[in-house]
Amino acid sequence: MRLRTARIGFLFSLPAILFFLAFILAPVVSTFLLSFVQWKGFTLSDMKPAGLSNFIELFSDGVFFRALTNTLIFVAATTVFLNLLGFIGAAIIDTKLAGSGFFKNAIFLPVLLSPIIIGIMWSRMLDAFGIVNQLLKSAHLIKLPFLFLGDERIALYTVIGATIWQYTGYDMLLYYAGLQGIPHEQVEAATIDGASRLGIIWNVVLPFLSPVIAVTMLLNMIGGFKVFDIVYVMTAGGPNNSSHVFATYLFLQAFRFNRMGYASVIAIVIILFSIIAAVFRLRIVRQEV
Amino acid sequence: MNRAAFPKVLGFAAAFFFAGFLVLAAGNTVIEFWSWNNEGSYPIVHEDAQKRFEAAHPNVSLKREYISYGEYMVKLKAVLAGAEAPDVFQIPWAGEYPELARSGKILPLTNALKKGFPTFFPNIMKAISVDGQAWSVPLDLNTLQIAYNKTTFDQMGLSVPKSKDELAALSKKLNDAGNFAVAMGTKDLWSAADVFFAQIAYTDPTHTKMALADAGKISWNSPEFLKAAQVVADYVKQEVIAPGANSMEVFVGAENLFVQQQSAMFYPVGNFVTGGITEKVGDSFEWSLFPWPPLVKGGEALPTGGVAEMFVVSKDSKNKDLAVEFLQYLTNDEGKEILVKNDFIPSSTYKGSIAMSPLYKNMLDAQSKSQSRVVYNTTVYTAVMNGMQGIIGGTLTPQQFIDSLVKAAKK
Amino acid sequence: MIKKALQTLGISLVGLGFLVPIIWVISLSLRSKKTVFTALFFTRDLHFENYLTAWKTFHFGRLFLNSAFITGVSVLFILGISSLAAYAFCRLKYRGSEFFFYLILLGMMIPPAAVVIPLFLIMKNLGLYNTHLALMLAYVTFGLPIAVLIFRGFFLSVPAELIEAARIDGSHEVNTFASIIMPLSTPAIATVVIFSFMQNWNEFLLALVLLKDRLLYTLPVGMANLVGQWDSPWQLIAAGVVIASLPIFIVYLTIQDLYVKGLTAGALKG
């Protein structure tokens, strides 16, 4: 009987495994192999073996390290704020006030939109002479336009802001779902015992939510390491390479510089970082993924 | 009809359609054409050539695809790698062009250009030559100049600046009056590089240094380049360049500042955008063009320019002769008529009789004096673009900018 | 009483404030070409005809059909393949099933930008370049990891006794799965539908690279083409954005309660 279920189990999971092997594993292995060659990507015949030279070059690439720090900042900032704001939003919906349904859908709507559209939308709004600057100017808060995307020091943070705006609803619904799973008796018992609102949250709600926090953080981190569309549309990594993240730098190397081999190394780095982050989180939370 | 007949009818119909499809497929050859200039007047030019070409070849149809510039190279690389490239496609004149020529994916056209094509201007033929061969067909040329609001200038008593100091002075007058000077959109990167090239036209009177540095024969750390970067940095400090350049795209933010009369000047302007500006400005003000002024008064004003649209033929094309022939239709006498009618400058001598607008005459005149704006080394070109963003944003000094070019040239 | 009313007003305003950028886009879509950059918000005259113009200019009919077809089929296949695999990974375990589960989860961490060229070459070699099938295969593959995660979490919450009872009754595994487990899993199905629909409807890079013919383009690619150059008709683009976003919003509104239930049991149990 066990053998039979095992065999059926294998068959059930076979399509998924085959898809994975053909369209994820095979390309990833290709990417891995490509990191050892020099290739412009125009024709298969002009691939030249390059040993470890791509890897060595990576270590002295200033822009790559900028992309590295930017990506880490991106992941950290988005994860922290998405979780924080998401939790607050979930708590608000949970109050079941009359406006909470509207609130829930309003916050979640941006999640459904394409990051490209979100990026274009915010770029237009934050233009040097766009609506945000016009409002700031008419409120006499600024004299010259505030360069949200044109100032190297803040371009990345502007993109982070837009991303947080887009995905707060995502985390919010995850937390809201999590809150539904908390047994009411515990909360009631604590209230009867005279615990404060914050006390209840700290001692009853959060421990129950820890698996939710773990999963949400993991999803945010993975998404953060992969991020491409919104950065590409809002800044394309500029100005002056100040807002590059892993994926945009990879794109630049592969499609502007025609350095497929070098781009592949960056791809490997992205994958490694995501895996390390996932394993790291597993160790800390000691949860089964 | 009864149930037994139905499958038979179905089979018959299928065979009929299949046969018809075969006939059509056999009879009709399709030539694929890619370009990224899907706005303005370029599609009119392409369509006109298509009509004439298809009229002469009843069994051939041309399929035009326009892919926006940002995605163009991504798609192109994918189809080139997979041997699915279009028969004829537009190619950027820097960076990718020499790499593509050397990759063996496009047809050398040196011999083809000798028959059925006009004689292209010699300096253009030089510009498109890679390793001694010509690999592309240049369609038209453009120059880059500063567009200026003549009405505002007249109102404020300003005249076309003849030197760097004059430009700085009139910019100050504009800024004091609440107007901005030169609106530029350097988020697009390419326009940032062009400001730099525009100054090199003056700092290097021999007009040879840039090509030499590009080929690796001299270092980018030469006084001519450093001076050019310094000039741009000065302009930034003197508020000649309107604020927010790095956060605006050329044809969205910067052009709008000019059209809405918030800035009296706009760069870069060439025939690729004059039509659009004319349409948007309408009657609200008069405008014309002048190049970045010389560094000292008395020098000749020199704009930069070069090839605008340029097309190559894929080596994997199944219809190479037809593809080359289509390019003949684009560049022959009728093709030139249509180009001139739409304010484009053909890449060979135009002997027709279309009356030229003053704007067109201005650009034609500029073309005869234009200096190069090409750096073929992609890494260096990118470093120029990014570095210029840094200069414009005030985060790089000219020396740091030059150092980044030297570093890029080493790769 | 007043406190509750004020609180309701408060959160409604916050919600509205959050939507201001989107309302701004809608206002953009109703402006004329002249005022598209000068106006602040809504102009006095509202040009609803922009929507019709956008529909025709972007050939929305075709784009919509393509996106709907590709997304619809991919989502269906994702549902089928991931639910089967998830069930196997938690209830029909075999030697190596844990390994395969983690392997598939790894798929979540692969950025599409990293594998787009090798993927293109694979499709080319399979003769699938420039077909909707290539895109569907890619979308199914990239949608599997999160779908498997959600289904597995949900299945774990189905009491094991239910399955045991069915087995004792002599029910074949496939039958158990189809007639007992799946009907119970509507929340998980809803969640997976929303996730996959969202991911595939808006996907851009793979669609750009794997499709050559304009007639095959999906919505994101079709619209990107209009934004690139000068003279982009921003009021039409805004209208296009609104039209393109409606389907997914309608899907969400229809099954939003199930979506939350599915998250509860599915994604959060890990």
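What follows walks through chain A, its interfaces with chains B and C, two of the voids, and one residue of chain C, all in a predicted model.

Chain A is a mostly helical affair, with 12 helices and 2 strands. Going along the sequence, the elements of chain A run α-β-β-α-α-α-α-α-α-α-α-α-α-α. The C-alpha trace of chain A stretches over about 75 × 75 × 30 Å along its principal axes. Chain A has 289 residues, and 58% of them count as buried. As for how chain A is wired up, take the contacts between residues at least 6 apart in sequence: 67% of these link residues at least 24 apart.

Next come the partners of chain A. The size of an interface is often quoted as the accessible area that is lost when the parts come together. Between chain A and chain C, about 7600 Å² is buried, and carbon and sulfur atoms account for 82% of that. On the chain A side, the residues that lose the most area to chain C are A:Phe12, A:Phe23 and A:Leu112, which together make up 10% of what that side buries. In residue terms, 80 residues of chain A touch 83 residues of chain C.

The contact of chain B with chain A involves 32 residues from chain B and 33 from chain A. Here the buried area comes to about 2700 Å², with carbon and sulfur atoms giving 58%. No other three residues of chain B beat B:Lys77, B:Glu99 and B:Ser247, which supply 21% of the area that chain B buries against chain A.

Now for the enclosed space. The structure has 4 cavities of 30 Å³ or more, and the second largest cavity has a volume of about 1100 Å³. Its lining counts 39 residues, with A:Pro115, A:Tyr167, A:Gly223, A:Lys226 and C:Gln199 closest to the centre. Among the elements that give two or more residues to this lining are helix 3 (62–94) and helix 7 (155–180) of chain A, along with helix 6 (112–125) and helix 7 (132–156) of chain C. Helix 9 of chain A is the top contributor to the lining of the second largest cavity, with 6 residues. Sorted by class, the lining of this cavity has 25 nonpolar, 11 polar and 3 charged residues.

Then there is the open space. The second largest pocket holds about 1100 Å³. A total of 49 residues line this pocket, and those nearest its centre are A:Ala128, A:Phe129, A:Pro145, B:Pro243 and B:Gly244. Two or more lining residues each come from helix 6 (131–138) of chain A, strand 8 (180–184) and helix 11 (250–259) of chain B, and helix 2 (20–29) of chain C. The pocket lining breaks down into 24 nonpolar, 16 polar and 9 charged residues.

Finally, a look at C:Glu203. This residue sits in the loop between helix 10 (186–201) and helix 11 (205–210) of chain C. C:Glu203 counts as buried because its relative accessibility is 14%, and the cut-off for buried is under 20%. Leaving out residues up to four places away in sequence, C:Glu203 touches C:Tyr139 and C:Pro220. A polar atom of the C:Glu203 side chain lies 2.7 Å from the backbone nitrogen of C:Leu206. The C-alpha atoms of C:Glu203 and C:Val221 are 8.7 Å apart, with the two residues separated by 18 along the chain.

Note on methods: Residues numbered from 1 in each chain as written. Chains lettered and ligands numbered in written order. Predicted model: local features only at pLDDT ≥ 70, side-chain atom pairs only at ≥ 80, totals over all residues. Heavy atoms only, no water. Helix = DSSP H or I, 4+ residues; strand = E, 2+ residues; numbered from the N terminus. Buried < 20%, exposed > 50% of the residue type's maximum accessible area, 1.4 Å probe, protein only. Contact = heavy atoms within 4.5 Å. Polar contact = N/O pair within 3.5 Å; in protein donor to acceptor, adjacent residues only side chain to side chain. 1 Å grid on protein atoms, 1.4 Å probe; cavity = no way out; pocket = protein on both sides within 12 Å on 5 of 7 lines; lining within 4 Å. Points joined across faces, edges and corners; volume = space filled by probe spheres on them. Nonpolar A, V, L, I, M, F, W, Y, C, P; charged D, E, K, R; others polar. Buried area = accessible area lost by both parts, 1.4 Å probe.
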